[in-house]
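Trainee: Could you pick one part of this model and walk me through it closely, along with whatever sits around it? I'd like to follow along with the structure open.

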Amino acid sequence: MKSDIEIAREAQMSPITDVAATLDIPEDDLELYGKYKAKLSESYLRSLHNKTDGKLVLVTAINPTPAGEGKTTVTVGLGEAFGKLGKKAVIALREPSLGPCFGIKGGAAGGGYAQVVPMDDLNLHFTGDFHAITSANNLLAALLDNHIQQGNALDIDTRNVIWKRCEDMNDRVLRNIVVGLGEKTDGVVREDHFVITVASEIMAILCLAEDLDDLRDRISRIVVAYDRSGKPVTAKDLQAVGAMTALLKDAMKPNLIQTLEHTPAIVHGGPFANIAHGCNSLRATKAALKMADYVITEAGFGADLGAEKFLDIKCRIGGLKPDAVVLVATVRALKYNGGVAKADLNKEDLDALKRGIVNLEKHIENLHKYNVPVVVALNAFVSDTEAEVAFVRSFCLDHDCAFAHAKVWEKGGEGGIDLAKEVLHILDTKESGYRPIYPLDLPLEEKIRVISKEIYGADGIDISSKAQKQLQKLEELGYGDLPICVAKTQYSLSDDASLLGRPAGFKMHVREAYVSAGAGFVVVLTGSVMTMPGLPKQPAAFNIDVDHDGNIVGLF
């Protein structure tokens, strides 16, 4: 079988102007980045405001495993299948981060014959959005340290600076650093930190801002530090807002590319779901809803992270109402949750499947709590047996959940037609009664408890004394009515990556909390999750190169 990048390279892409024409986007409203990539103009985005919204379908998944789930692959294949059925559909995805691309996860363009292209461009520099976000983040950091160096008129407590620098790469040695060493003119010595760009509040702000005015307003509210009296110091106080907005002006415009079957794909923004809110930009999703009858979007990692944040943060902030949810699983991943070693997953094992399917069961239960119809998409592998597929199908139907076997990796849109028909049936026959899992007027600690109990299945929460004080301070400062963004391992429903299946009898350990006032949520760090990942012993970067013809090789 050909690799993903080989399949992508052999694709006959249509000029992006032709792809745009299928959505009635005038060529003058495209800002071209070569023949196959474009940004949508501000004038075009404004012209969409009075159009009717299409239907919104969220694609999420069970907890990720080394066996693979293929959430993006199913998202792309479902969009292609809608096209084969004659439906006007758009896919709305996140942009990939360079960190996992060169680290352990690989790219994020889908797989097999369900990919978005140009795949190598998308996975690397794309249209420069992440560079703009990194630059804006680090400009604010530079202005902060310069203010302290130039007399510190705001009386910033250098022991209470919370703004971190960022870069879009996994680099563990930058997690905790010291800046300002050297001569007196080199700055004030203090401890500092880096996060990966996709965990930066600037990324979250860009992905939740409605337009440039909202972007500017959100940037102004960023809390960078506290002064010696405990009062927040903001980006507005540092006079950073205008310059940061200028850096982000073009990054605010959604990007248009295509799938292997020329289905339009809007790809914009990319916060991680385990350490950020895990959804593509609100602006891109809302524009897509005006451009097509059906929008298929995704949320990162498992439903306990990506879907929860999509439903409790993005939908609430943006006024979105999802019409259906597709929950992706694989037989292999369910058997892995049932205790089967990765090397043995190709063997039929119904007992392990029965043990591991409890992970899927919990995610179905969770999504039903939001009162949105659910379809389980079983992403096909050649090792799946008829008995295993039949067992999962029966399990889903017994749990008030539609089911489809998706073969999009092998067959593209043709392999997703059964899934597309199930989704269309759900959209035609069931009304979404979407509601968030908690009200905003609950105290911060109680919101954390609700998420931990209802979504993760925890018996309770264990909050460190440090986090307790931070939550209390945030309540006093008026941030108590914000939603919660939990930073947690993606590999388990719990905060312990080793607990597979459906863990029980555990507590969620909250070690730290801080406000992302511009984004509009409170972040809580749980377990041992890191906002700056590290590289594995054998990073994916080892396999990436450029051949004599200038083609990138080794990229997933």
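**A proline, then a sheet and its surroundings**

Mentor: Let's warm up at proline 118, which is found in the loop between strand 6 (114-117) and helix 6 (119-123). Helices (H or I, at least four residues) and strands (E, at least two) are DSSP runs, numbered from the N terminus. The peptide bond leading into this proline from valine 117 is cis, with omega near 5°. Before going further: this is a predicted model, in which local features need pLDDT of at least 70 and side-chain atom pairs count only at pLDDT 80 or more, while totals for chains, interfaces and linings use all residues. Residues are numbered from 1 along each chain as its sequence is written, and side-chain values use heavy atoms, with hydrogens and water left out.

Now for the part I'd really look at, an open sheet of four strands in the order 20-22-23-21, with mixed pairing. Two strands pair if DSSP finds at least two bridges between them. The edges are strand 20 (460-463) and strand 21 (484-487), each pairing on one side only. On average, neighbouring strands here are turned by 40° against each other, ignoring direction. For angles like that, axes are lines fitted to C-alpha atoms (for helices, over the stretch in contact), and the angles run from 0 to 180 degrees between N-to-C directions.

Start at the strand 20 edge. Strand 20 runs parallel to strand 22 (residues 507-516), and four bridges join the two. Glycine 460 stands opposite lysine 507 of strand 22, and isoleucine 463 faces valine 510 in that strand. On to the next pair: strand 22 and strand 23 (521-526) run antiparallel and are joined by six bridges. One partnership to find there is valine 515 with valine 522 of strand 23. These two strands form a hairpin with four residues between them, and glycine 520 in the turn has a positive phi of about 100°.

Helix 12 (residues 303-318) lies across strand 21 and strand 23, at about 165° to strand 21. Contact here means heavy atoms within 4.5 Å.

Strand 22 also leads us to a pocket. It supplies six residues to the lining of the second largest pocket, the largest share. That pocket has a volume of about 1,000 Å³. On a 1 Å grid over the protein atoms alone, a pocket is an open set of points with protein on both sides within 12 Å along at least five of seven lines, a cavity is a set of points where a 1.4 Å probe fits but cannot get out, and lining residues have an atom within 4 Å of a point. Grid points are joined across faces, edges and corners, and a volume is the space filled by probe spheres set on the points. Of the 43 lining residues, Ile162, Lys164, His193, Glu512 and Tyr514 are the closest to the pocket's centre. Elements giving at least two residues each include strand 23, helix 20 (465-476) and strand 7 (156-161). The lining divides into 23 nonpolar, 10 polar and 10 charged residues. Ala, Val, Leu, Ile, Met, Phe, Trp, Tyr, Cys and Pro count as nonpolar, Asp, Glu, Lys and Arg as charged, and the others, Gly among them, as polar.

Helix 20 has a helix partner too. Its axis and that of helix 19 (residues 444-456) come within 9 Å and cross at roughly 120°. That makes helix 19 oblique to helix 20; under 35 degrees would count as roughly parallel, over 145 as roughly antiparallel, 65 to 115 as roughly perpendicular and the rest as oblique. Helix 19 makes the contact with Leu444, Glu445 and Ile448, and helix 20 with Gln468, Leu471, Leu474 and Glu475. By class, that is four nonpolar residues, one polar and two charged.

Strand 7, on the pocket lining too, belongs to an open sheet of three strands, ordered 7-12-13 with antiparallel pairing. Strand 7 and strand 13 (232-234) are its edges, each with a single partner strand, so one side of each lacks a neighbour in the sheet. The twist there averages 50° from one strand to the next. Two bridges join strand 7 to strand 12, and isoleucine 156 has aspartate 227 as its bridge partner in strand 12. Helix 7 packs on this sheet, touching strand 7 and strand 12, and its direction makes about 130° with that of strand 7.
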